Each structure stands twice: as C-alpha cells, then as structure tokens.
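Subject: Structure handover

Hi,

Here is the structure I promised to pass on. Have a look at it first, and then read on for what turned up.

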Amino acid sequence: MNPFQKNESKETLFSPVSIEDVPPRPPSPPKKPSPKICGSNYPLSIAFIVVNEFCERFSYYGMKAVLILYFLYFLHWNEDTSTSIYHAFSSLCYFTPILGAAIADSWLGKFKTIIYLSLVYVLGHVIKSLGALPILGGQVVHTVLSLVGLSLIALGTGGIKPCVAAFGGDQFEEKHAEERTRYFSVFYLSINAGSLISTFITPMLRGDVQCFGEDCYALAFGVPGLLMVIALAVFAMGSKIYNKPPPEGNIVAQVFKCIWFAISNRFKNRSGDIPKRQHWLDWAAEKYPKQLIMDVKALTRVLFLYIPLPMFWALLDQQGSRWTLQAIRMNGNLGFFVLQPDQMQVLNPLLVLIFIPLFDFVIYRLVSKCGINFSSLRKMAVGMILACLAFAVAAAVEIKINEMTPAQPGPQEVFLQVLNLADDDVKVTVVENENNSLLIESINSFQKTPRYSKLHLKTKSQNFHFHLKYHNLSLYTEHSVQEKNWYSLVIREDGNSISSMMVKDTESKTTNGMTTVRFVNTLHKDVNISLSKDTSLNVGEDYGVSAYRTVQRGEYPAVHCRTEDKNFSLNLGLLDFGAAYLFVITNNTNEGLKAWKTEDIPANKMSIAWQLPQYALVTAGEVMFSVTGLEFSYSQAPSSMKSVLQAAWLLTIAVGNIIVLVVAQFSGLVQWAEFILFSCLLLVICLIFSIMGYYYVPVKTEDMQGPGDKQIPHIQGNMINLETKKTKL
C-alpha cells in the first residue's frame, strides 16, 4: 500500500518510522509467467500440489484406518485404552495446524514449512512402521515407537494442513479467480479420493497378508509411509515453478494480542469515573486500528456459535474407533464380497461424494420449492439430529450383538464343557452337592456337551471331583479350576480304560472378531501343521493340546501337516469371523487321518451390513453440518479473518476428540449405554445451538467493510514501529 495515496475523506496516512533515511529499495525484477497446463489458465504447479495432497491423504487415512485394530491386537490394549489413544492422536492432529500456520506466516513461509514438516511426517511413518515389527523388541519397545511415531505424524499432518491448500491458491494470478475456485474443488476431490482408496486398501494389506505368522501391520503402515515419501518427492519436484510468497505475519497472533489487550485494558480501567464503551473490544482502540477491531468483533460473533460444535465431532470421529470395534464382532461376509471390519470406514468418503451433489441439487431445492426457509444454522441443527439418530441405531445394533454373545462367568463361577474322545459313551457327573445335577446325561463318542455348564465355586479356585462311568468301569478324577474361566474336560482312551484332562479354553467368550483355532492330537507322533506360509504350529503326541492361533477368515480345504515319517493334509472347512474352533486329529481305519471339528465360540452371526444405516445417517449429518457450517462461517467472517476461522474450526474437532477420550476412559459404561449417552448429549447441545441460532442476526458482507483506519505493516530491522497518524492535506 502506498502511504501517500488519497482517499475519499481527503486524508493521507503518514508513518514516520525512523530517524534515519531509508535507502531506496532496488526495483524488483518482473515476474516470469508460470507455465500453464495445456495452454489453459491453470498453472502447471498446481498439478504437483494436487498429487501431493492425494498421496498425503492416502497416507494419513490409510494409517488411521487400521490404527484401532493395531492397538487392540498388536499392542494388546483394551478397547477403552485403544479408543482413548486413538482420539488423543486425532485431537493432536487438529491442534498442530495452529503451530503450522504460525511457522508459515511468521517465519519460513508456506513452501519451506511444507517441506520441513513433511520430512517430520515421513520420519513418523518410518518409526510407526518399525513399531509394528514383531521381531523388533518387546511390548515396551513397540509402545514407545508407536507413540513417538504418532506424535511426529500428528505434527507433520497438522502442520502442513493449513499450508497446502492456501499455497495452491497462491499459484493463481488475481485475474484467474474463476480457475482458482475450480482448483479448490479439484483439491478437495483429491482429499476424498485419497481417503476413499486408502481406507479400502490398507485393511486388505493388514488382513490378507501375513507377516511373522499374524496380521501384517508393518505393511499396512509402511505403504502409507511410502505414499508420504512420494507426496514429498512430487511436491519438491515443482520447486522451481512455484510462486512462493514471503511470510506475511501471523494474523492468528494479532487476533489473540488484540483480544488480550482489550481485556487487560478494560481490567486496568475499571473505575466508575471512566466512561463505558459500546463493546468490550473497543478497549483495544488505544493500540490497534479500528478496522482490525471491527474484524475481530465479527469474528467473535461467529466463534460464539462454535462453542457447542465439538460435541458433533465427538460423535463423527468415532467411526474409526468405537464403530470399528463394533464391526469386529459382526460377520463381514456379504455374499459377493467379504469386508474386513476396518474397511467399513470406506463408506464415509464414498457417501460424502454421493450426498454432496444429492443434497445441493435435489434435497435443498425441493425444500426451497416447498417454501421452507432452510437457513444454514437450521441445516447444521438437522445435521446434529441425524448424528443423534445414527448413534441411537448404533446402540440398537450393539444390543442385538450382545444378545448373540455367550454369557460371561461371574465371580466364583466357571463354565465347563465335556469332550468325549473315547470310542463309546461316557457318563460324567460332578460330585459336589450344589453341582450334582449337571452333566448327568451320557455323552456319545466324539461329541461335546451341547452347551457350557455353569459350575459354582466356594472360593476363587477350587478342586472339582468328577465321576466317570465308561462301560462297566467307574472312575473318579480330580481337577483344579479358577473363577471366571472356561474349561474343557477332555475324556480320552487309555488302553482299555479312560482318563481325563482339564484344558483351559480361550480367555473370554469373544475373540474380538478374530478367527482362532487349536488342535488336539490323538496320534502317537508329534504333528506339525502349516496353516499358512508364515503360520505353523506343533502339537505333541498322545492328546497334546496346542495353544490358540489366529488365522484369516476363509476356506481351508487342504492344510498341510506332517509327522516324522508322513505328510498328509486336513480339510478344516470354513473358518468364519469371530469363531474359535477345536480340531481333533484322529486316525480312522476306514477314512485315514482326519480332523474332527467343533466350535468353542460360535461365529459372528449378525451381518456387518447392519452398520450401513448408521453410516448413512452420520454421513448425511456430516454433509449438512460440516459443509454448511464452513460456508456459513466464511460468509459471516471478514476476509482478513478466514485463516483464524479455519484454525478455530479445526480446534472444535480437536476438542471433540478430547470429549471421546474422557468418556471412554472414565465413564465405565457398557458400549450400548455409551452410544445412548453421546446421542442424548448431542441432542441437548442441538437444542442449545438452535436457541443460539434463533437469536443470531446474520451479518451482510457489506456491513463488515467499515471505513476504518488502515494499518501500516510493521517495518522490521533497525526501524522503529510507530502508531499510524492521520494528517489532512
């Protein structure tokens, strides 16, 4: 701005800044026009930026898609801890954009900020992938590497978030404003495309590939890390053709300083003799120009409406945590396709791409034709209600899943099943008085009791006495059990007699969606079983029992096995989602070696397709709330406050994730009740937001442009910053 330019009031702004003469600046060389794409008005440089954004979003969402299952299965955290750390990471990703914007605007500029923080981003992915290698250290090493890696990723992704889109806009000349608008559409399309593809592919890398005998989390994290390397390389390739504007000063810091000065100045001048001012921000007039104060006033009006918003994000961001944990207890077999639990998250970006044009071109127009004033704030309130309904549906699905889940033994209780591997019927009776009515029916050869029987203990651990009747033999046996566990009493042949052994079953009657198997070997030789290329186990001779091993869901028609002198194969059939199977390897004279199959835990019966309604409702709510909210906010805030508004919007997402963290860690509610709690909380917040919106008076664009004082940029170096003064010509 020229300080000697005339304005309509015939006032000129003079700014004496130094007692020394200011040397004239050399004229800046004329700018070379940047190369265009195929002769259009689109700079070639935006191609590098769009590809960079696609790869970076692929990297972020791909890593995040499998993160909750990594915590649960690899680090063996419980569901509440996994959810808390997941949302702590998400929250950090939305706090760090303020730091990235401050670095770019005040110090390095957007280009260098993106380059340097992308290097931090890549380093975080490398450390995170190393933390997923089972051969690298133990539980403590994996946990430390994971937390360090996630912290660096949060700094990287959050730091470059406010820079990339704006840097792309900097590539356009002012006369090409229409092309710049279309660029932002393509830019956000690349975000959704990266999210859509990565949330579909990385769960496949995790579940369909085996590393070190288990799910390949190292690959699922490594591929997104590789995409981030590509994103950095592509962005750096365009370095010579970018328009790189220098840092312009941090407007966020100016806003905070203005607000702080107004508050502190009002506190210092609280005497009754000092006249009151129309607005509390007017107390900043001694130091800050009138236009800045007017802009901050407009900003605070919008920020007041932001207070209830975090609760919506608390619900929306649980798709990757609580809803994924719900999906692991459902059956992903859709007939034509088998979905992994973490692949359900792909519905969100897919439905966003469908719903945005559907709402804009169909639903909103139909509502308008009906004569209904569907304002932006009303759309946001309806979006909140849809999210409430989504969590009510999620609670109903959770209750139905719990009904299909086997009961859990309580204190001083155990659950017991009997497996008869003898060649004839066996009658088993529990000798203790309070349990003598159990297991009184004879059990056929190679049959297990139809259900687990509940046995009551007198203490936390107890020895049980069993009476076994086989042919004309009557035997008594004793076994020790501990409360809150499941056991199998295995009856086996012992020459012309029988004997028994007590085997502890899986730790709980849910496998958290995993498919697990174990084997009993009735042969007189050890058997080595190869379940996959990387998964094998050895079962001891003469009724040796293996530990549970996790396998991928699918058909296993020919599993390779071998003894010291023989190779053979076993048909295990279909191993389904969430089931725990017991296979007894026998040598039948007529049929040869075979595996007798039984279920310790039944497979998940409820289809994962039942999650579709809750995903559709919450995504529709997101489209009405998020897209409309940003549009409304931008229309209500002055142009100089757009970056501050973006930072505040991201902060509401961060606070929403903190709410989930607190509830998950301290509520102690069962899952369906937690879903109901979130639904009710958002309903209350929606009512409060509706009241705030009812009394809100929208500001027209022209009302935000006051004549005001124009601010001279602060001059740095050996010059002295002075207040702007008006002088009449």
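To start with a small puzzle: is histidine 471 buried, partly exposed or exposed? With a relative accessible area of 48%, histidine 471 counts as partly exposed. Before you go further, please keep in mind that this is a predicted model.

I picked that residue for its backbone. Histidine 471 sits in the loop that links S9 and S10, and its phi is near 55°, a positive value in a residue other than glycine. Most residues other than glycine have a negative phi. Tyrosine 543 also has a positive phi, of about 65°, although it is not a glycine. You will find tyrosine 543 in the loop between S15 and strand S16 (544–545). Tyrosine 543 has a relative accessibility of 14% and counts as buried, whereas histidine 471 is partly exposed.

Now to the strands on either side of that histidine loop. S9 and S10 belong to an open sheet of 4 strands, with the order S6-S5-S9-S10 and antiparallel pairing. Its edges are strand S6 (442–443) and strand S10 (473–482); each has a single partner strand, so one side of each has no neighbour in the sheet. Further in, strand S5 (residues 426–430) and strand S9 (residues 461–470) run antiparallel and are joined by 4 bridges. One residue pair to click on there is lysine 427, whose bridge partner in S9 is lysine 469.

S15, from the tyrosine loop, is part of another open sheet: 4 strands again, in the order S15-S14-S19-S20, with antiparallel pairing. Here strand S15 (536–539) and strand S20 (567–570) are at the edges with a single partner strand each, so one side of each is left without a neighbour in the sheet. From one strand to the next, the twist averages 25°. In the middle, 3 bridges hold strand S14 (residues 527–530) against strand S19 (residues 559–562), and the two run antiparallel. Serine 530 has histidine 560 as its bridge partner in S19.

The strand I would look at next is S4. How many of the 8 residues of strand S4 (residues 413–420) are buried? The count is 8 of the 8, so S4 is largely enclosed by the rest of the structure. In a regular strand the side chains alternate between the two faces of the sheet. In S4 both faces are covered: Glu413, Phe415, Gln417 and Leu419 are buried on one side, and Val414, Leu416, Val418 and Asn420 are buried on the other.

S4 also has these pairings:

- With strand S8 (residues 453–456), S4 runs antiparallel over 4 bridges; valine 414 has leucine 455 as its bridge partner in S8.
- With strand S11 (residues 485–494), S4 pairs in the parallel sense over 7 bridges; asparagine 420 stands opposite isoleucine 491 in S11.
- With strand S7 (residues 447–448), S4 runs antiparallel over 2 bridges; the bridge partner of leucine 419 in S7 is lysine 448.

On to the cysteines. The structure holds 1 disulfide, formed by cysteine 211 and cysteine 216 with their sulfur atoms 1.7 Å apart. The torsion about that S-S bond is about -70°, so the disulfide is left-handed. Both cysteine 211 and cysteine 216 are buried. What about cysteine 388: how far is its sulfur from the closest cysteine sulfur? The distance is 6.3 Å, to cysteine 686, which is too far for a bond. Cysteine 388 is buried, with a relative accessible area of 5%, and cysteine 561 is buried too, at 0%.

Last, the empty space. There are 4 cavities of 30 Å³ or more in the structure. The largest cavity holds about 140 Å³ of space. It is lined by 13 residues, and the closest to its centre are Gln340, Gly513, Met514, Gln552 and Phe577. By class, that lining has 6 nonpolar, 4 polar and 3 charged residues. The second largest cavity has a volume of about 40 Å³, and its lining consists of Ala104, Asp105, Gly109, Lys110, Pro245, Pro246, Pro247 and Glu248. That makes 4 nonpolar, 1 polar and 3 charged residues.

Over to you, and cheers!

Terms used
Residues are numbered from 1 along each chain as its sequence is written. This is a predicted model: local features need pLDDT of at least 70, side-chain atom pairs count only at pLDDT 80 or more; totals for chains, interfaces and linings use all residues. Side-chain values use heavy atoms; hydrogens and water are left out. Two strands pair if DSSP finds at least two bridges between them. Axes are lines fitted to C-alpha atoms, for helices over the stretch in contact, and angles run from 0 to 180 degrees between N-to-C directions. On a 1 Å grid over the protein atoms alone, a cavity is a set of points where a 1.4 Å probe fits but cannot get out, and a pocket is an open set with protein on both sides within 12 Å along at least five of seven lines; lining residues have an atom within 4 Å of a point. Grid points are joined across faces, edges and corners, and a volume is the space filled by probe spheres set on the points. Ala, Val, Leu, Ile, Met, Phe, Trp, Tyr, Cys and Pro count as nonpolar, Asp, Glu, Lys and Arg as charged, and the others, Gly among them, as polar. Buried means under 20% relative accessible area, exposed over 50%, partly exposed in between (1.4 Å probe, protein chains only). A disulfide is a pair of cysteine sulfur atoms within 2.5 Å.
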